[in-house]
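Work through the exercises below with the structure open. Each task is followed by a solution in steps.

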Amino acid sequence: MDATPEAIGATQGPATRFVLASGSPRRLALLQQIGIEPDSLLPADIDETPRKAEPPRELARRLARTKLAAAEAALHHQDQKVPTWLLAADTVVAVGRRVLPKAEGPDEAADCLRLLSGRPHRVFTAICLLSPNGRRERIVETRVRFKRLSGRDIQGYLASGEWRGKAGGYAIQGLAGAFVVKLVGSYSAVVGLPLYETMSLLDGEGYPIRASWGSLA
């Protein structure tokens with residue numbers, strides 16, 4: 001399916017263009033947190049099925065690269081004269097080498113929560129950036145440990161609906177934040193976009209990331 005950009009308002013002016021290769025409201029909100037309002041959203045409809053024996057870290061990398069490539073292909077139909085920064089990301093939750101799904105039903109979400117209960121897991125978020133200067137990428141690994149979840153915890157969380165479509169069957173920025181005993185790494189990466197690494201990549205590639213900060217005061 002061809003992706004159609006959704007214009008959401010530019011803050012950087014016509015001199016540059018920033019495109020987020022995602023339709024995730026969480027990634028959009030995180031970018032807005034550091035003063036970036038994408039000129040358009042260009043989500044990619046790709047197959048996210050893990051390959052046989054594919055490590056979680058490599059799955060996150062492959063999916064982010066695939067999303068970037070799909071968005072890049074769609075951008076070829078647009079004005080190529082404007083310097084463009086295109087950002088794609090993907091988040092994978094894993095227990096050992098087992099990749100947890102993006103829960104689509106309550107039974108799947110309950111299975112994820114029972115697996116995560118009282119034990120550590122890892123969250124891998126890969127970011128890929130295409131800029132006028134080339135391509136760069138980072139992978140951020142965050143370790144998270146949940147408390148031991150009771151039946152009431154699981155049933156209450158399932159009733160909330162927050163798990164729907166979330167990797168690992170939970171959203172750390174919501175009610176599930178109360179399940180987290182320990183987190184080592186990047187909180188924003190678990191939400192969906194590691195802000196430090198994203199800013200570092202954009203800064204290194206010459207994007208005027210601080211251009212709108214004065215207007216936020």
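**Exercise 1. Salt bridges across the sequence**

Task: Find what the side chains of Glu137 and Arg65 form, and state which parts of the chain they tie together.

Solution.
- Step 1. Glu137 and Arg65 meet through their side chains in a salt bridge, 2.8 Å from N to O. The model is predicted.
- Step 2. Place the partners. Glu137 sits in strand S7 (residues 134-146) and Arg65 in helix H2, so the salt bridge ties together parts 72 residues apart in sequence.
- Step 3. Check exposure. Glu137 is partly exposed, at 29% relative accessible area. Arg65 is also partly exposed, at 44%.

**Exercise 2. A second link to S7**

Task: Which residue forms a salt bridge with Glu141, and how far apart are the closest N and O atoms?

Solution.
- Step 1. The partner is Arg122, with the closest N and O atoms 3.9 Å apart. The cut-off for a salt bridge is 4 Å.
- Step 2. Arg122 belongs to strand S6 (residues 120-131) and Glu141 to strand S7; the two are 19 residues apart, and the pair links distant parts of the chain.
- Step 3. Arg122 is partly exposed at 26% relative accessibility. Glu141 is partly exposed at 31%.
- Step 4. Widen the search. The whole structure holds 14 salt bridges. Among them is Asp153 with Lys147, at 2.5 Å from N to O. Glu48, Lys67, Asp90 and Lys102 are linked in a network.

**Exercise 3. A buried acid**

Task: Asp39 is buried; what does its side chain reach?

Solution.
- Step 1. Locate Asp39: the loop between helix H1 (25-33) and strand S3 (40-41).
- Step 2. Look for a charged partner. Asp39 has no salt bridge, and Arg17, the nearest side chain of opposite charge, is 6.4 Å away.
- Step 3. Look at the backbone. The Asp39 side chain reaches the backbone nitrogen of Phe18 at 2.7 Å.
- Step 4. Turn to strand S2 (17-20). Arg17 and Val19 point one way, Phe18 and Leu20 the other, and all are buried.
- Step 5. Find the neighbours of S2. It pairs in the parallel sense with S4 over four bridges and with S3 over two. Val19 stands opposite Leu86 in S4, and its bridge partner in S3 is Ser40.

**Exercise 4. The faces of H1**

Task: Which residues of H1 are buried, and which are exposed on the other side?

Solution.
- Step 1. Arg27, Leu28, Leu30 and Leu31 are buried.
- Step 2. Down the H1 axis these residues fall within an arc of 160 degrees, so they line one face of the helix.
- Step 3. Pro25 and Gln33 are exposed on the other side.
- Step 4. The cover over the buried residues includes S2, S3 and H2.

Notes
Residues numbered from 1 in each chain as written. Predicted model: local features only at pLDDT ≥ 70, side-chain atom pairs only at ≥ 80, totals over all residues. Heavy atoms only, no water. Buried < 20%, exposed > 50% of the residue type's maximum accessible area, 1.4 Å probe, protein only. Lys, Arg positive; Asp, Glu negative; His and termini not counted. Polar contact = N/O pair within 3.5 Å; in protein donor to acceptor, adjacent residues only side chain to side chain. Arc of directions from axis to C-beta. Contact = heavy atoms within 4.5 Å. Pairing = 2+ DSSP bridges.
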